[in-house]
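Okay, thanks for coming, everyone. Let me put the structure up, and then I'll walk you through a few parts of it.

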Amino acid sequence: MAEELRSAEGGLVIAIAPGTFSMLAAMGEERIFYRVDVAGQTVTGYEDLPPPEMPPSALAPIFYTVPFREFDVRIAAVARSVRVDGRAAPALILLGQTREGQGAIAANLGNRAAALGLLVFFVAIPLSLFVARSLFSPIDRLAEAVGRRGPRDLRPVLHAAPAEFAPFVTALNSFIGRLRGTLSQTETFIAEAAHHIRTPLAVMRNDAELALRQSGEEGTRARLRALIRSADDAARSAGQLLDHATVLYRADQADWAAVDLADLTRALVARLAPAAEMKDIGLQLRIDGPLPAVGDVVLIEAALRNILDNAIKYSADETVIDVRAAACGTMARITVSDRGRGLDGVPHDRLKRRFRRGTNVADVAGSGLGLTIVAEAAGAMGGSFSLTPRDGGGTCAALSLPLALS
């Protein structure tokens, strides 16, 4: 518009090409306002279109935004000099445009950006979950592999793990190795303690028996007999305490191996036969076929030895103890039936507790740990132990252990 403003004979000529306004309105349906002042007088356009606060120069236009007729109008102002009546006169050209199209474009872009953001958000959620699951899946598998281990499994962890967890797995294996070594030292201590306690008691008992044979004074002989009984009680109590400690240790560190329960039962019955013969008690053994199992030999021997020892200790003289071993479904059942004092109405669960004894055995030496050892050994190997009264008097003790799967 400023370029088309020129002087002519008799006045000024300004040519406003339609292309000028159509170019401005290309962004949308906008309203366009203009004003041309020459020598301070409006020659065309909107007289109330606000001019700029500072007059523009001929070289640099001024842009400003003002409210005009309920619109925010962006105005460009430029200055020119024209000749009017042979004299130079200043000209000010203002061209303004509403901004509704820009607002619509901005709103449209904002809506598109919001929609794109929501789309990215909803796509990112499952993608993030998938990536997180992929990252944590090896960790979950490692935790599951370690969690499936029982208290007896102290093998090193060889399960595949992410590289970031390699130091943790190495530290865990180191801890397992130290724990295994500590438990091995505990087992060695138990064995050494058993030797160092039982050996002096046996020597003391032998010396007391020798002194009893050589002594002719009745008072001294009575004291020696009491000393022998005390040594026997101490040896038995110490033995059972150490057996109980061994069972507790082996329950967590059992050495599982193939065991023939038939051969093991036969060997234990033969080993305890001399003790039974001293009371004229017969041991009648019946084994129905081979009984292969997987268990800890030390735990099985401790359980069977305490069952047989209790049967011999509480049975009356010149009676018979029936020992039977047979398969019962998936379990091997070893039953020891005696003609002893019975349970005297005491619940068998109470007799399995530590240091608990029946009300009818106060005159018999014992520590109250024998049945506890049997119950804990059976539980550690996935078996069971029960006590029931026997018809005709006495007790029936049954130890059940899982058979080996063929």
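**Starting from helix α8**

So, let's begin with who is buried in α8: the residues are G370, L371, T372, I373, V374, A377, A378 and A380. That makes 8 of the 11 residues of the helix, so α8 is largely enclosed by the rest of the structure. Before I go on, a reminder that this is a predicted model, so everything I quote today is computed from that prediction.

Where does α8 lie? Helix α8, residues 370-380, lies across β13 and β14, and it runs at about 140 degrees to β13. Just after the helix you get G382, and that glycine takes a positive phi of about 75 degrees.

Now, the sheet that α8 lies across. It's an open sheet of 5 strands, in the order β9-β11-β12-β14-β13, and the pairing is mixed. Which strands sit at the edges? Those are β9 (282-287) and β13 (384-389), each of them pairing on one side only. If you ignore direction, neighbouring strands in this sheet are turned by 15 degrees against each other on average.

For one pair I can give you some detail. Strand β12, residues 331-337, and strand β14, residues 395-402, pair in the antiparallel sense, over 7 bridges. One bridge you can look up on the screen: S337 has C396 in β14 as its partner.

There's another helix on this sheet, α6, residues 297-314. Helix α6 lies across β11, β12, β13 and β14, and its angle to β14 is about 170 degrees.

Okay, two residues in the sheet that I'd like to zoom in on. S400 is in β14. Buried or exposed? At a relative accessible area of 8%, S400 is buried, because the cut-off for buried is under 20%. Leaving out neighbours within four places in sequence, S400 is in contact with M331, A332, R333, G383 and S384.

The other residue is A326, over in strand β11, which covers residues 320-328. A326 counts as buried too, with a relative accessibility of 13%. Which residues does A326 touch, not counting those up to four places away in sequence? The list is D288, L291, M331, A332 and R333. If you want a distance to check, A326 and L291 are 35 residues apart in sequence, while their C-alphas are 7.2 Å apart in space.

Let's leave the sheet and go to a surface feature. L118, F121, F122, I125 and L129 form a nonpolar patch on the surface, with about 530 Å² of accessible area together. F121 lies in helix α2, which is residues 100-147. At 47% relative accessibility, F121 counts as partly exposed.

Last bit, the chain as a whole. How many helices and strands are there? The chain has 8 helices and 14 strands. Of its 406 residues, 33% count as buried. The accessible surface comes to about 23900 Å², and 58% of that belongs to carbon and sulfur atoms. And for the contact-map people: among contacts between residues at least 6 apart in sequence, 60% join residues at least 24 apart.

That's my tour, so over to you for questions.

Definitions and conventions:
Residues are numbered from 1 along each chain as its sequence is written. This is a predicted model: local features need pLDDT of at least 70, side-chain atom pairs count only at pLDDT 80 or more; totals for chains, interfaces and linings use all residues. Side-chain values use heavy atoms; hydrogens and water are left out. Patches are made of residues with over 30% relative accessible area and no salt bridge: like charges are joined within 9 Å, nonpolar side chains (Val, Leu, Ile, Met, Phe, Trp, Tyr) within 5 Å. Accessible areas come from the Shrake-Rupley method with a 1.4 Å probe; for residues, only the protein chains shown count as cover. A salt bridge is a side-chain nitrogen of Lys or Arg within 4 Å of a carboxyl oxygen of Asp or Glu. Helices (H or I, at least four residues) and strands (E, at least two) are DSSP runs, numbered from the N terminus. Buried means under 20% relative accessible area, exposed over 50%, partly exposed in between (1.4 Å probe, protein chains only). Contact means heavy atoms within 4.5 Å. Two strands pair if DSSP finds at least two bridges between them. Axes are lines fitted to C-alpha atoms, for helices over the stretch in contact, and angles run from 0 to 180 degrees between N-to-C directions.
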